[in-house]
Amino acid sequence: MSDHVAKHGDGPEVYFQYEDIDQQQESYVVGMWSFLVTEVMFFGALFLIYTLYRWKFHGTFFGAHEQLNWKMGGLNTMVLLFSSVMVAFAVHFAQKGKTNKQLVCLGVTLLCAFGFLVIKTFEYGAKFDHHLFPNHSFSYADPEHHESKSWWDEALPAALKIEKHEQEGNPKNARLFYSIYFTMTGLHGLHVIIGIIAITALMVLIKIRSPLITDYIPTELVGLYWHFVDLVWIFLYPLFYLIPR
Amino acid sequence: MADHGHDHSEMTKGGAHANHILSERTILIVAGGLFFLMALTIGAAIYMPEPFKGWTIPMQCLALAIAVAKACLVVYYYMGVKFGTRLIKIFAYGGFVWFFMLFIMMIDYTTRPMEPVPGWEKQTSSALPRDTVKNPE
């Protein structure tokens, strides 16, 4: 197989402001990276907030994190890593011009994205039922609410259940932990949803042989976005689910 | 195309091609590395034997080091920065340099007590009242 990137038809048009196709494609990728840099800044501020309060209230953050299901988080990490691998393959097949394989890889990525959201729903559902969502009904270290049962917990297979821990620490600071947890994982979830929309749009455009898709670059750009979503989760997982004592 | 005049893009390319194809073998090796590191991070956090498990800072550093290793694999290979042109590299690295520069702000928080600010709760408080510097909990 040749190492040259396959082109559809006559290949992409080189616009007048570019010297050649390499320069044009480079500028697409740089454009995507500058968007991703704004995303790094956006999440960076949240990671800073996390660091600050974790440093101030380490004891309570440790206690509060024990309520999170690290097995579900780990499963989600696996799902996202696998989807990232699939996107890498999708870009690979797009470059080789193998459209069918590319669509299969993008489809598997889409399934992983939905799987991620389903797992997240189980986690969020249990947190709502245990009064750990930081709204007016928030309650921490209160035996009455702590003992409350949640369908979202009961419905899990035994292998995914974790042992119940006492809610330790200051409820006020625990509330802060859950605020940061829901903000960061919620925003990450929003990115997953945007990713789902982007991947679906890309698949439809490829399927209908849209003139917008002349080469592998749209897949590459959506892929960069999806890898970024994976990247954020790579840090969220150890920071929220695996806090050492 | 570029057969007329000089090609200024050579300056930014540094011998790289914007459209480098990652081989299937590389994708699979990197995937193996990512899953191995994921297992390692869970193993280090959950199944670490007791004397080590209690060392907060080394354990946190270990978890973050593994996360950074995974991030490097994704950024260098899957996001193609390793094979990217110099222009792509400077944008990509710029973002992460910015990310670490943000944490310089911790110098302020770690050396100065917080001013209490009125919140929506009845008692005057903030997430970081003044005495938390001495008594964090």
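Helices (H or I, at least four residues) and strands (E, at least two) are taken as DSSP runs and are numbered from the N terminus. The structure is a predicted model, in which local features need pLDDT of at least 70 and side-chain atom pairs count only at pLDDT 80 or more, whereas totals for chains, interfaces and linings use all residues. Residues are numbered from 1 along each chain as its sequence is written, chains are lettered from A and ligands numbered from 1 in the order in which they are written, and side-chain values use heavy atoms, with hydrogens and water left out.

Chain A contains eight helices and zero strands, and along its sequence the pattern reads α-α-α-α-α-α-α-α. Of its 245 residues, 57% are buried, where buried means under 20% relative accessible area, exposed means over 50%, and partly exposed lies in between (1.4 Å probe, protein chains only). With contact defined as heavy atoms within 4.5 Å, 81% of the contacts in chain A between residues at least 6 apart in sequence join residues at least 24 apart. The area exposed by chain A is about 10200 Å², of which carbon and sulfur atoms supply 65%; accessible areas come from the Shrake-Rupley method with a 1.4 Å probe, and for residues only the protein chains shown count as cover.

Chain B holds six helices and zero strands, in the order α-α-α-α-α-α. Buried residues account for 31% of its 137 residues, and among its contacts with a separation of 6 or more, 51% are between residues 24 or more positions apart. Chain B exposes about 8600 Å², with 69% of this area supplied by carbon and sulfur atoms.

Open and enclosed spaces were located on a 1 Å grid over the protein atoms alone: a cavity is a set of points where a 1.4 Å probe fits but cannot get out, a pocket is an open set with protein on both sides within 12 Å along at least five of seven lines, and lining residues have an atom within 4 Å of a point. Grid points are joined across faces, edges and corners, and a volume is the space filled by probe spheres set on the points. The largest pocket has a volume of about 720 Å³ and is lined by 27 residues, of which A:Phe235, B:Leu64, B:Val68, B:Phe99 and B:Phe100 lie nearest its centre. Both chains contribute to this lining, since at least two residues each are supplied by helix H1 (21–56) and helix H8 (217–241) of chain A and by helix H4 (56–78) and H5 of chain B. The largest share, nine residues, comes from H1(A).

Two cavities of 30 Å³ or more were counted. The second largest cavity encloses about 30 Å³ of space, and its lining is formed by A:Val91, A:Glu220, A:Gly223, A:Leu224, A:His227, B:Tyr78 and B:Met79. H8(A) gives the largest share of that lining, with four residues.

On the surface, A:Met41, B:Tyr76, B:Tyr93, B:Val97, B:Trp98, B:Met101, B:Ile104 and B:Ile107 form a nonpolar patch with about 740 Å² of accessible area together. Patches are made of residues with over 30% relative accessible area and no salt bridge, like charges being joined within 9 Å and nonpolar side chains (Val, Leu, Ile, Met, Phe, Trp, Tyr) within 5 Å. Helix H5 (residues 86–102) of chain B gives the most to the nonpolar patch, with four residues. B:Val97 lies in this helix and is partly exposed, with a relative accessible area of 47%.

One salt bridge was counted over all chains, a salt bridge being a side-chain nitrogen of Lys or Arg within 4 Å of a carboxyl oxygen of Asp or Glu. It joins the side chains of A:Lys120 and A:Glu123 (3.5 Å, N to O), which both lie in helix H4 of chain A, three residues apart, about one turn of the helix. Both A:Lys120 and A:Glu123 are buried.

The loop between helix H4 (99–129) and helix H5 (143–146) of chain A contains A:Ser139, which is buried at a relative accessible area of 9%. Not counting residues up to four places away in sequence, A:Ser139 touches A:His130, A:His131, A:Leu132, A:His145 and A:Gln167. A:His131, found in the loop between H4 and H5 of chain A, has a positive phi of about 60° although it is not a glycine, and is partly exposed at 21% relative accessible area. A:Arg209, likewise not a glycine, has a positive phi of about 50°; A:Arg209 lies in the loop between helix H7 (171–207) and H8 of chain A and counts as exposed, at 73% relative accessibility.
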